[in-house]
Amino acid sequence: MTVGIPKGLLYSKYHVFAESFFRALGTNVVTSPDTNKVILNEGVQHCVDDACLPIKIHHGHVQWLKDKCDYLLMPRFMSLEKRKSLCPMFCGLVEMVKSSVDGLPPLIDSPIYSLDKKRLLEWALLSGSIFSRDKKAIAHAFEYALDMQRRHPTVLNDEGYTQRIGLIGHAYNIHDAFVNMNLVKKLHAMGIGVVTTESVSRIDIDIQTRRLYKPPFWYFAREYFGAAVSLCKNRLVDGFIFVSAFSCGVDSVVIELIMQETDSFPFMVLKVDEHTGEAAIDTRIEAFGDMLKRRVQNDNHCSADGKHMPCRQGVF
Ligand code: SF4
């Protein structure tokens, strides 16, 4: 038996767990390649027009994999934390894919409530029962997969750079080099280190979100707001780049919240969709990097006349 795992959406977050789990149950695992132009084009062709870029890309990965596996993992993330909601695209992803992609193999699509270990085990027992009748073996594979996941965190937290930028945004925009056009590599080439939101502890995120009059009920909004404000207030980065998918409602709210809370802290929003050109992104990254360097040279973020230097860049 071969299980296919598409490299779309939250793949970078759960792939170690999923691959370890299915391999421990004796299956082969095949993944789609890293996102590329072919995958993007397939996704655009096999997805509804008004979906965001990450959802289209996920469709492209499914299209690439569907004839190369006996079962296809289609993670139906319902909730990652109590009383916090995920974007409806996640809950309805399975139905979207089913209605847009023909010739799918059987799907592993049990709902995932990753609220605690017990709820996640429910998913493992349901999904694992396709490949084994032995509940003990499934529970053992689950423990092994959890252990492997703990050993492979997805955090980026560069040390040894004089300047560091906080990369804010969904994991599928930050950790997919095709979507963000090698942003991390480009920043490193400019001598700028990168810190991602995963480096901020849950306690710090909670402290920052409690300051809001009404904490956002979207799980992702809460994570990015709390992490960005914590990085800013603790002076752990010199500025932010928010990589956002065009038409994402969650992002448009959280970007505003972060901007209001961090005042004049350097902040740039890179909006990406299937038409975004790399040259324009490069120009903006270079301008932002130069501006950060000028701020350091101008003695603690102030210009010669004592005023704060302009540091916001508009939305691309
Ligand atoms: S949160 Fe935004 S980017 Fe992510 S799937 Fe939903 S609409 Fe798309």
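The shell around the ligand takes at least three residues from each of domain 1 (2-151) and domain 2 (163-315), with domain bounds coming from an automatic or database domain assignment. The model is predicted: local features require pLDDT of at least 70, side-chain atom pairs are counted only at pLDDT 80 or more, and totals for chains, interfaces and linings use all residues. Residues are numbered from 1 along each chain as its sequence is written, and side-chain values use heavy atoms, with hydrogens and water left out.

The ligand is surrounded by Cys-52, Pro-54, Ile-55, Cys-87, Met-89, Phe-90, His-170, Tyr-172, Ala-245 and Cys-248, where a residue is included if one of its heavy atoms lies within 4 Å of the ligand. At least two residues of this shell come from each of α3 (53-65) and α4 (88-91); helices (H or I, at least four residues) and strands (E, at least two) are DSSP runs numbered from the N terminus. Nine shell residues are nonpolar, one is polar and none is charged. In this classification Ala, Val, Leu, Ile, Met, Phe, Trp, Tyr, Cys and Pro are nonpolar, Asp, Glu, Lys and Arg are charged, and the others, Gly among them, are polar.

The model contains 20 salt bridges, each defined as a side-chain nitrogen of Lys or Arg within 4 Å of a carboxyl oxygen of Asp or Glu. One of them joins Lys-13 and Glu-198, with an N to O distance of 3.1 Å. This pair connects distant parts of the chain, 185 residues apart: Lys-13 belongs to helix α1 (residues 11-24), and Glu-198 to the loop between β8 (192-196) and α10 (202-209). Lys-13 is partly exposed at a relative accessible area of 33%, and Glu-198 is partly exposed at 25%; buried means under 20% relative accessible area, exposed over 50%, and partly exposed in between (1.4 Å probe, protein chains only).

A salt bridge within a single helix is formed by Arg-151 and Asp-147, whose closest N and O atoms are 2.8 Å apart. Both residues lie in helix α7 (residues 135-151), separated by four residues, or about one turn of the helix. Arg-151 is exposed, with a relative accessible area of 56%, whereas Asp-147 is partly exposed at 28%.

Glu-223 and Arg-222 also form a salt bridge, with the closest N and O atoms 3.7 Å apart. Glu-223 is buried at 13% relative accessibility, and Arg-222 is buried at 6%. Both participate in a network of salt bridges that links Glu-81, Arg-202, Asp-206, Arg-222 and Glu-223.

Two further residues of helix α1 were examined. Ser-12 lies in helix α1 and is buried, with a relative accessibility of 19%. Beyond its neighbours within four places in sequence, Ser-12 is in contact (heavy atoms within 4.5 Å) with Thr-154, Ala-171 and His-175. Ala-18 is likewise located in helix α1 and is buried at 1% relative accessibility. With neighbours within four places in sequence set aside, the contacts of Ala-18 are Ile-5 and Leu-73. The C-alpha atoms of Ala-18 and Val-3 are 9.9 Å apart, at a separation of 15 residues along the chain.

The number of disulfides is zero, a disulfide being a pair of cysteine sulfur atoms within 2.5 Å. For Cys-91, which is in no disulfide, the nearest cysteine sulfur is that of Cys-87, 7.7 Å away. Cys-91 is partly exposed, with a relative accessible area of 24%.
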